[in-house]
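Reader: I've got the sequence and the coordinates open side by side. Could you walk me through what stands out?

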Amino acid sequence: MRNLLLLALLLALPASAAGPHTPVVLKAARLFDARTGKLVSPGLVVVQDGKIAATGASAALPEGAQVLDLGDATLLPGFIDAHTHITGEPGEDWRQDVIDSFQRTIPERTLEALPLARATLMAGFTTIRNLGASDFVDVGLRNGIRRGLAVGPRILTATTGLGSTGGHCDSGNSWRKGLLAEESSRGIANGPDALRAKVRENIKYGADLIKVCATGGVLSRNEDVDSPQLTQAELEAIVDEAHARKRKVAAHAHGAEGIKRAVRAGVDSIEHGSFLDDETLELMRRNGTYYVPTALALQGVKERLDKGLLPPETVKKAQAALARHRESLRKAVGRGVRIAFGTDAGVFAHGRNGEEFALLVEAGVPAAQALRAATIINAELLGLTDSLGVLEPGKLADVVAVPGDPLQDIRRTQQVFFVMKEGVVHRDDRAPAPATTGR
Ligand SMILES: [Zn+2]
């Protein structure tokens, strides 16, 4: 009985239990080289002290290394989602969601975010760029995960989104005047100087980057989806201040005029882009602006629309965006605009992030390019190429594994069964094999 218990304990031990300094060797049939977009066989990654020490079939295996043989699988760099809202997700009744948001305390909402962060990591997303949260719950979550208080992806966060009065970022829309806290406490401001001050304030309170609402949106209320909501001068002030402070700028934007203003102002990425036209795409291509299509956001909106779960004010906007988004994405791919990978998780359930890959491929993105978008290209967009995005010596050991060959079947990315973040194994679904427990 006692031996059985001991065996059960041994089987349950994570790979990291071999000791924090024990080298780990990950073996699989294939490895995805995000630099070339090609598969390498066999896949071999040597991990030591949270970093990749060596890769490739010729790598020397360190003495005493723990070998994890993942079999007929593909090793990939930990996925990066460039557009999430990790602090929440919608319930089945939007009215109840409103009541909950008024009643729940900040600590309670932080606790609610913990399983969402965990689900994201377990789906293979070891890094996320969070684009909008209230009350700095995102900053607390980021810091808590960094300190090891909670399990989740590495987070770069924007804190609250910046925008104009009554715009998409203004959560006070549709409420009577005076009901909610001052606009100024929600990232809302008007005029270049006031918005510049908002950038400074967000950075002061923990923002890694700046999110700005350049046009209307689908799920906000009392505005239309495509109108520009900031002037050229306002956008320029935001980008100038953010870039001076070494922060990137992500612009939520659906309509062509708002997108053009944002691109001219020098934002780093356009999010959603439902109504992209040829002129706008050409401007984006010339400026090297990343396009984060968030195809899964539109899919999530469609699901809620079909189930009758959207507030009446948003139904028409959802239909309008859905009618155009797929075509916009196809055109962007055809024109050679830089496509990054972001889902808008939080519009739908966290943990579904991997479904974006198949939607990109359906829109004409080659499978290898979709995998590069979520790895090396997103590492560029986030400014993390020194440490992430490729499986190479010196990079952080963020490694995920999917069964089979994701270039043959992109939906393999929805079957992540192994997740390592900075050398720590957070998920390993292999059936425990008795032969490996003794080593
Ligand atoms: Zn969003």
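Reader: Let's start with the metal. Which residues are the protein donors of the zinc ion?
Author: Keep in mind that this is a predicted model. The donor atoms lie 2.1 to 2.3 Å from the zinc ion, and in sequence their residues follow the spacing H-x1-H-x258-D. So look for two histidines with one residue between them and an aspartate much further along. The donors are His 83 (NE2), His 85 (NE2) and Asp 344 (OD).

Reader: Is His 83 buried or exposed?
Author: A residue counts as buried when its relative accessible area is under 20%. His 83 has a relative accessibility of 0%, so this zinc donor is buried.

Reader: On to charges. How many salt bridges does a search of the whole structure find?
Author: I'll pick out a few below, including the one between Asp 398 and Arg 154. Another is the pair Asp 429 and Arg 427, with N to O at 2.8 Å. Searching the whole structure gives 30 salt bridges.

Reader: How many residues apart in sequence are the parts that Asp 398 and Arg 154 tie together?
Author: In this salt bridge the closest N and O atoms are 2.7 Å apart. Asp 398 sits in the loop between helix 12 (367-382) and strand 15 (399-403), while Arg 154 belongs to strand 10 (residues 154-157), so the pair links parts of the chain separated by 244 residues.

Reader: Are those two partners, Asp 398 and Arg 154, buried or exposed?
Author: Use the cut-off for buried, which is under 20% relative accessible area. Asp 398 comes in at 3%, so it passes. Arg 154 is at 15%, so this residue counts as buried.

Reader: Which residue does Arg 154 bridge to in the loop between strand 16 and strand 17?
Author: Arg 154 has a salt bridge here whose closest N and O atoms are 3.1 Å apart. Arg 154 is in strand 10 and its partner is in the loop between strand 16 (418-421) and strand 17 (424-428), so parts 268 residues apart in sequence are tied together. The partner, at 39% relative accessibility, counts as partly exposed. It is Glu 422.

Reader: What is phi of Glu 422 near?
Author: Glu 422 is in the loop between strand 16 and strand 17. Its phi is positive although the residue is not a glycine, with a value near 50°.

Reader: Which other residue has a positive phi, near 80°?
Author: Look in strand 13 (residues 269-272). The residue has a relative accessible area of 4%, so it is buried. It is not a glycine, and its name is His 272.

Reader: Which residues does the cis peptide bond join?
Author: Go to the loop between strand 3 (38-40) and strand 4 (43-48), where Pro 42 is found. Omega is about -10° there, and the bond joins Ser 41 and Pro 42.

Reader: How much space lies in the largest cavity?
Author: The structure holds one cavity of 30 Å³ or more. Its lining divides into six nonpolar, four polar and one charged residue, with Pro 77, Thr 126, Leu 391 and Asp 398 among them. The space in this cavity is about 50 Å³.

Reader: Which domains does that cavity lie between?
Author: Residues from two domains contribute to the lining, so the largest cavity lies between them. They are domain 1 (2-77 + 390-437) and domain 2 (79-382).

Definitions and conventions: Residues numbered from 1 in each chain as written. Predicted model: local features only at pLDDT ≥ 70, side-chain atom pairs only at ≥ 80, totals over all residues. Heavy atoms only, no water. Donors = N, O, S within 2.8 Å, 3.2 Å for Na, K, Ca; no water. Buried < 20%, exposed > 50% of the residue type's maximum accessible area, 1.4 Å probe, protein only. Salt bridge = Lys/Arg side-chain N within 4 Å of Asp/Glu carboxyl O. Helix = DSSP H or I, 4+ residues; strand = E, 2+ residues; numbered from the N terminus. 1 Å grid on protein atoms, 1.4 Å probe; cavity = no way out; pocket = protein on both sides within 12 Å on 5 of 7 lines; lining within 4 Å. Points joined across faces, edges and corners; volume = space filled by probe spheres on them. Nonpolar A, V, L, I, M, F, W, Y, C, P; charged D, E, K, R; others polar. Domains from an automatic or database assignment.
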